[in-house]
Amino acid sequence: MAEPGQHCEDDAVNRFVQWRHALPNHWKYCPLCGAALSDRQWDGKIRRYCTQCGFVYWDRPMPATAAIIYDRASDRVVVVTRRYPPAVGGHTFPGGGIEAGEGVTEALLREVREETGLTVVVDAQLGTWSTPSKETIITFFLAHPEGGQLLAGSDALDAKWFPVQAVPELVFSLHQAAFDLFSAQHRLGTL
Ligand SMILES: [Zn+2]
């Protein structure tokens, strides 16, 4: 099986919240002292560097997390419809970026609550992969509902249970790949 995220077309680039993903040469001024940044080689790569205070801009992918929420009794999973770019109206699993000061599963529980109204219990980690653009790394978890009512939150246009066999096409290739992995385990009865 191909590694999730490989051999896929690049997903739509997020141009909505782009400051974090600005190209290094778009960083013009030092965020600490305001002096103009220049280039300098660190660890074999050219990085933006402040000659005044020594600030170095380390350009790194953004960590995120997402959940396949599986209800064994009804054999269904939760799919949300995106409210915000990229891919407004597209189907994905609930999830989002990890905030500073948050643990990985802490972020997952918050994002799931915000997008679906559900509280969930994490059962297993499905894997951690880079998105095709390499801008984000997403850790996918398998979880089951514990409480709350399924209701789309402010981040989602809709949130619904779908039978595993009738999950709509997912808009991001990495979400689709995580679901393919889930489906393989589902067929084997190892979930
Ligand atoms: Zn500086």
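Hi everyone, let's start with helix H1. Its buried residues are Ala-107, Leu-108, Leu-109, Glu-111, Val-112, Glu-115 and Thr-116. This is a predicted model, by the way, so please keep that in mind throughout. What do those buried residues of H1 pack against? The answer is E4, E5, E7, E8, E9 and E10.

H1 covers residues 104-116. The helix has 13 residues, and from its first C-alpha to its last it reaches 18 Å, close to the 18 Å expected at 1.5 Å a residue. Right after H1 comes Gly-117, with a positive phi near 80 degrees.

Here is a handy thing to remember when you look at any helix. An α-helix has 3.6 residues a turn, so residues three or four places apart point the same way.

Now let's step back to the whole chain. The secondary structure comes to two helices and 10 strands. Reading from the N terminus, the order is β-β-β-β-β-β-β-α-β-β-β-α. The chain has 191 residues, and 27% of them are buried. Among contacts with a separation of 6 or more, 64% are between residues 24 or more positions apart.

My favourite element is strand E4, residues 62-71. Why do I call E4 largely enclosed by the rest of the structure? Because seven of its 10 residues are buried.

Let's see who pairs with E4. Strand E9, residues 136-148, runs parallel to E4, and eight bridges join the two. Strand E7, residues 95-97, runs antiparallel to E4, with three bridges. Ala-66 is a nice residue to find on your screen: it stands opposite Phe-140 in E9, and its bridge partner in E7 is Gly-95.

E4 also pairs with strand E5, residues 76-82, in the antiparallel sense, over two bridges. One of these partnerships is Asp-71 with Arg-76 in E5. E4 and E5 form a hairpin with four residues between them, and Asp-75 in the turn has a positive phi of about 55 degrees.

Next, the largest nonpolar core. It holds 32 residues, and the ones that touch the most other members are Ala-67, Ile-68, Ile-69 and Ala-178. Which elements give two or more residues to this core? They are E4, E5, H1, E8, E9, E10 and H2. The largest share, six residues, comes from E4.

Take Ile-69 as an example. Leaving aside neighbours within four places in sequence, Ile-69 is in contact with Val-77, Val-78, Val-112, Leu-118, Val-120, Ala-143, His-144 and Pro-145. You met Val-112 at the start, as one of the buried residues of H1.

That leaves the other helix, H2, residues 173-188. Its 16 residues should span 22 Å at 1.5 Å a residue, and the end C-alpha atoms are 23 Å apart, which agrees. The buried residues of H2 are Leu-174, His-175, Gln-176, Ala-177, Ala-178, Phe-179 and Phe-182. What covers them includes E4, E6, E8 and E9. After H2 comes Gly-189, whose phi is positive, near 75 degrees.

One last stop: Phe-172, in the loop between strand E10 and H2. Is Phe-172 buried or exposed? Phe-172 has 24 C-beta neighbours inside 10 Å, and the cut-off for buried is 20 or more, so Phe-172 counts as buried. Its C-alpha atom is separated by 8.6 Å from that of Ala-87, although the two residues are 85 apart along the chain.

Thanks for listening!

Terms used: Residues numbered from 1 in each chain as written. Predicted model: local features only at pLDDT ≥ 70, side-chain atom pairs only at ≥ 80, totals over all residues. Buried ≥ 20, exposed ≤ 12 C-beta atoms within 10 Å, placed from the backbone. Pairing = 2+ DSSP bridges. Contact = placed C-beta atoms within 7 Å. Expected span 1.5 Å × (residues − 1). Core = buried A, V, L, I, M, F, W, Y, C linked by C-beta atoms within 7 Å.
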